[in-house]
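I opened this model to look up a few positions and one helix pairing. My notes are set down in the order in which I checked them.

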Amino acid sequence: MVLLLGEQWRAAVLPGQILCVAGMVAAVLTGFAQVLLAAGRPKALFRFNICVLAVYAGAVWVTASHGIVAVAIAVVGVYLGMLVAVYG
């Protein structure tokens, strides 16, 4: 980011790198919702998404006072938890 956007973006490099891990996990999770819908389980998907929303919001709320890096790590943790819940 620094080479492309300039020195003022240096602080965004570490959170961006951490969030790349969340992006990789999100790519693995792609299609999970469609499988549940195709299996006729929309209520299960709805409940799962409500739980994920609650955990995601809680993780951000708890870590927000510790800085953006902590929030990025929490987001990765939520995505890893989703991965375990879906495929574990």
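The entries below cover one residue in a helix, the helix pair to which it belongs, and one residue in a loop.

Entry 1, the model. I note at the outset that this is a predicted model.

Entry 2, T63. I looked up T63 and found it in helix α4, which spans residues 42–63. Its relative accessible area is 15%, and T63 is buried because that value falls under 20%. I then set aside the neighbours within four places in sequence; the contacts of T63 that remain are A70, V71 and A74.

Entry 3, α4 and α5. I turned to the pairing of α4 with helix α5, residues 68–87. Their axes come within 9 Å and cross at roughly 155°. An angle over 145 degrees counts as roughly antiparallel, so I recorded α4 and α5 as roughly antiparallel to each other. I entered the crossing of α4 past α5 as right-handed.

Entry 4, the residues of this contact. From α4 I listed F48, V52, V55, Y56, A59, V60 and T63. Opposite them, α5 supplies A70, V71, A74, V75, V78, Y79, M82, A85 and V86. I sorted the residues of this contact into 15 nonpolar, one polar and no charged.

Entry 5, W9. I located W9 in the loop between α1 (2–5) and α2 (13–29). Its relative accessibility is 40%, so I entered W9 as partly exposed, between the limits of 20% and 50%. I also checked W9 against L83: the two are 74 residues apart in sequence, and their C-alpha atoms are 31 Å apart in space.

Conventions. Residues are numbered from 1 along each chain as its sequence is written. This is a predicted model: local features need pLDDT of at least 70, side-chain atom pairs count only at pLDDT 80 or more; totals for chains, interfaces and linings use all residues. Side-chain values use heavy atoms; hydrogens and water are left out. Helices (H or I, at least four residues) and strands (E, at least two) are DSSP runs, numbered from the N terminus. Buried means under 20% relative accessible area, exposed over 50%, partly exposed in between (1.4 Å probe, protein chains only). Contact means heavy atoms within 4.5 Å. Axes are lines fitted to C-alpha atoms, for helices over the stretch in contact, and angles run from 0 to 180 degrees between N-to-C directions. Angles under 35 degrees count as roughly parallel, over 145 as roughly antiparallel, 65 to 115 as roughly perpendicular and the rest as oblique. A crossing is left-handed if the near helix is turned anticlockwise from the far one by less than a right angle, and right-handed if clockwise. Ala, Val, Leu, Ile, Met, Phe, Trp, Tyr, Cys and Pro count as nonpolar, Asp, Glu, Lys and Arg as charged, and the others, Gly among them, as polar.
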